[in-house]
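Welcome! Take a moment with the sequence and the 3D view before reading on, and keep both at hand as you go.

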Amino acid sequence: MVRNFDRTFAAGVTALAMLVPLTLAGITVLIVIDAWPSLTTFGLSYFTTTVWDPVHLVFGAAAYVYGTIVTTIVAVAIAAPVAIGSAIFLTEFAPRRLRAPVAYIIELLAYIPSIVYGLWAIFVMVPIMRGAIEPALQNTVGHLPLIGQLFSGPPVGLDLLSGGVVLAIMILPILTAVSREVLLAVPPTQREAMIGLGATRWEAVSRAVLPYARPGIIGGIVLGVGRAFGETMAVTMVVGNSSRDITGSLFIPGYTMASAIANQFVEADTQLYFSAIVEVALTLLIVALAVNTIARYLIRRTIADRPAGAVV
Amino acid sequence: MATQALTFAAIPARHRVATRRRVRERVIVGALALATLASVAVLVTILSYVVVRGLPALNVDFFTQRPRPVGEVGGGVQPALVGTLVLAAVSGVIAIPTGIAAALFVVEYRSGRFATPVRFAAELISGLPSIVIGVFVWAFLVRGYIGHFAALAGGVSLAVIMVPIVARTVEEVLRLVPNSLREAALALGAPKWKVILRVVLPTARAGVITAAVLAVARAAGETAPLLLTALGNDFLSTDLLRPIGALPIQIYRYAVSPYDDWHTKAWGASLVLVIVIGLIGLALRVVARQRVH
């Protein structure tokens with residue numbers, strides 16, 4: 001009798017646990033099925049045209065992909081130096097008593113709901129961008145030959161640049177946390193050997209610790225990219241959501257894939273329109289899966305597998 | 001010793017490199033400290049704005065009344081508050097047992113070829129954009145089995161987000177339980193299910209509670225999937241088969257509206273959300289500290 005319940009219990013636990021891979025499979029299958037009409041109708045042209053015409057039923061998501069890539073690049077460009085710099089400071093240079101509390105404070109950023117970021121961004125950050133930062137950028141860097149193109153056009157405030165900045169703030173905690181974890185996993189022998197050879201603390205860090213930690217830090221950046229791709233609410237509120245032009249300027253009120261879905265999902269009135277939006281979701285799904293797998297592989301490699309003191 | 005002005009040229013050549021390195025070190029470390037300061041400053045700034053702009057919105061009406069018609073001043077966000085609690089309960093009931101089961105499966109019933117798919121699937125789901133999960137639950141429940149927007153669908157979408165968080169944390173905690181405890185219980189003749197329920201889980205209790213509470217706190221702040229599943233409701237409702245409000249939904253709708261009063265309420269609701277999540281975090285720290293003997 002006891003043995004029967006053992007089997008029942010095991011079966012129950014297994015059944016519940018199997019819900020997890022089942023859900024993942026279900027998500028993939030349902031989204032592919034719903035995106036199928038759009039996939040078969042438009043094929044590859046879906047990603048090469050920016051025409052999004054619900055009336056004539058021609059859909060191309062190039063603008064959304066472009067917006068997602070641009071905002072993500074801006075986000076990583078801003079967040080990566082700050083996050084990695086903070087992580088290095090907190091693991092190598094900060095006074096010991098400050099290390100854990102400050103790291104904890106930065107991690108707190110991750111617990112603020114994204115809608116609160118969006119609220120702050122739309123009412124506080126965007127006016128500053130529109131009134132001060134974007135005109136300043138336009139008046140200074142905007143006159144340079146190639147880079148100037150990035151800052152051309154009227155500084156609207158609700159544009160790709162703002163979207164990128166909000167994303168930067170949102171991926172900051174996870175980038176910092178992962179970089180810290182990776183740096184803490186570097187065996188002290190690396191650092192000690194450099195100091196023994198006469199290096200200053202920064203030289204020891206930059207020449208021994210950082211190269212050792214590089215795959216993991218890159219993994220952290222990839223993780224941040226994955227997070228940035230999928231972030232919806234905060235970006236939707238500030239990215240503009242009105243222009244599908246690909247002009248090379250950051251001051252365009254564009255879309256990201258996630259914001260396009262958020263804005264249009266409940267408005268899709270025809271089968272093909274709906275399917276086109278779900279295809280955006282499918283793209284996000286595939287990219288998120290790929291990016292996360294790569295990121296976790298890179299991070300795990302640095303933390304787990306490198307033997308202590310190995311010559312790189 | 002004669003004191004000279006310490007110019008770079010006055011330093012003998014063999015010492016110059018050392019000084020340059022030292023200066024560079026100072027500058028770089030200064031920049032790193034600045035980066036850290038920037039991160040902390042961002043958090044402090046955002047929280048300050050939430051408090052300063054949200055506090056004026058908090059009054060008795062805010063917590064007890066439902067929203068007034070468009071454009072009218074006054075009213076409150078009570079339906080959204082209740083809705084968040086209901087959704088937290090529904091998603092918790094679904095996600096916490098499932099997450100614990102997944103962790104148990106991976107740690108205790110290490111059935112080789114099946115354990116890795118479960119953990120792998122959980123990790124992949126945790127990396128999915130929440131709007132994609134919203135689309136899935138919409139297709140599965142709102143369009144499919146339920147037929148319309150419903151609190152249950154919202155709860156399910158939150159549960160999907162929560163399960164990987166619970167599973168990952170509980171797995172870590174379960175692995176911390178010493179094997180000697182399990183072996184001792186088995187040696188005393190206890191069946192495996194009793195070992196798990198009476199020995200392993202109680203030992204890991206603090207960690208499991210932490211996992212559950214963390215997951216619920218995270219889900220409480222989600223907006224995108226709820227917009228597609230629970231829809232939101234300006235009227236107080238606890239019916240699982242009807243649309244339901246939630247704080248994040250309310251914040252979003254108020255924020256993108258053109259009314260100043262609603263903007264203030266959005267700040268207020270954000271303050272409530274942040275305070276609740278903050279209190280949960282603090283409570284967890286207290287519990288964790290008590291457990292350390």
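What follows is a short tour of the contact between the two chains, a few residues inside it and around it, and some aromatic rings.

## Where the chains meet

Please keep in mind that this is a predicted model. A good place to start is the contact between chain B and chain A. The size of an interface is often given as the accessible area lost when the parts come together. Here the two chains bury about 6500 Å² between them, and 80% of that area is on carbon and sulfur atoms. Chain B contributes 72 residues to the contact, and chain A contributes 70 residues.

Charged and polar groups take part as well. Four salt bridges are counted between chain B and chain A. One of them joins A:Arg296 to B:Glu123, with 3.8 Å between the closest N and O atoms. Across the interface there are also 11 residue pairs in polar contact, both partners being at pLDDT 80 or more. On the side of chain B that touches chain A, helix α1 (residues 13-54) of chain B supplies the largest share, 19 residues. That side of chain B divides into 53 nonpolar, 10 polar and nine charged residues.

## A serine that reaches across

Now look for A:Ser86, which sits in helix α2 (residues 62-93) of chain A. Is A:Ser86 buried or exposed? A:Ser86 counts as buried because its relative accessibility is 0%, where the cut-off for buried is under 20%. Its side chain comes to 3.4 Å from the backbone nitrogen of B:Thr36. Leaving aside residues up to four places away in sequence, A:Ser86 touches A:Ile106 and A:Thr176 in chain A, together with B:Ala35, B:Thr36 and B:Ser39 in chain B.

## A leucine inside chain B

B:Leu87 belongs to helix α3 (residues 78-107) of chain B. With a relative accessibility of 2%, B:Leu87 is buried. Which residues does B:Leu87 touch, not counting those up to four places away in sequence? They are B:Ala151, B:Gly154, B:Gly155, B:Leu158, B:Leu226, B:Ile244, B:Gly245 and B:Ala246. As a further landmark, the C-alpha atom of B:Leu87 is 21 Å from that of B:Trp267, a residue 180 places apart from it along the chain.

## Two leucines in loops

Each chain also offers a leucine with a positive phi. The table places them side by side.

| Residue | Phi | Loop | Relative accessible area |
|---|---|---|---|
| A:Leu57 | about 60° | between β1 (52-53) and β2 (58-59) of chain A | 32%, partly exposed |
| B:Leu231 | near 70° | between α10 (224-229) and α11 (247-255) of chain B | 28%, partly exposed |

## Aromatic rings

Finally, turn to the rings. The whole structure holds 20 aromatic pairs over all chains. One of these is a tilted pair of A:Phe5 and A:Phe9, with 6.4 Å from centre to centre and 40° between the planes. Both residues lie in helix α1 (residues 2-42) of chain A, four residues apart, which is about one turn of the helix. A:Phe5 is partly exposed at 37% relative accessibility, whereas A:Phe9 is buried at 14%.

Elsewhere in chain A, ring pairs link A:Phe42, A:Tyr46, A:Phe47, A:Trp52, A:Phe59, A:Tyr64, A:Tyr255 and A:Tyr273 into a cluster.

How values were computed
Residues are numbered from 1 along each chain as its sequence is written. Chains are lettered from A and ligands numbered from 1 in the order in which they are written. Side-chain values use heavy atoms; hydrogens and water are left out. Helices (H or I, at least four residues) and strands (E, at least two) are DSSP runs, numbered from the N terminus. Buried means under 20% relative accessible area, exposed over 50%, partly exposed in between (1.4 Å probe, protein chains only). Contact means heavy atoms within 4.5 Å. Buried area is the accessible area (1.4 Å probe) that two parts lose on being put together, summed over both. A salt bridge is a side-chain nitrogen of Lys or Arg within 4 Å of a carboxyl oxygen of Asp or Glu. A polar contact is a pair of N or O atoms within 3.5 Å; within protein, one must be able to donate a hydrogen and the other to accept it, and residues adjacent in sequence count only if both atoms are side-chain atoms. Ala, Val, Leu, Ile, Met, Phe, Trp, Tyr, Cys and Pro count as nonpolar, Asp, Glu, Lys and Arg as charged, and the others, Gly among them, as polar. Rings of Phe, Tyr and Trp (its six-membered ring) pair if their centres lie within 6.5 Å; planes under 30 degrees apart count as stacked, over 60 as edge-to-face and the rest as tilted.
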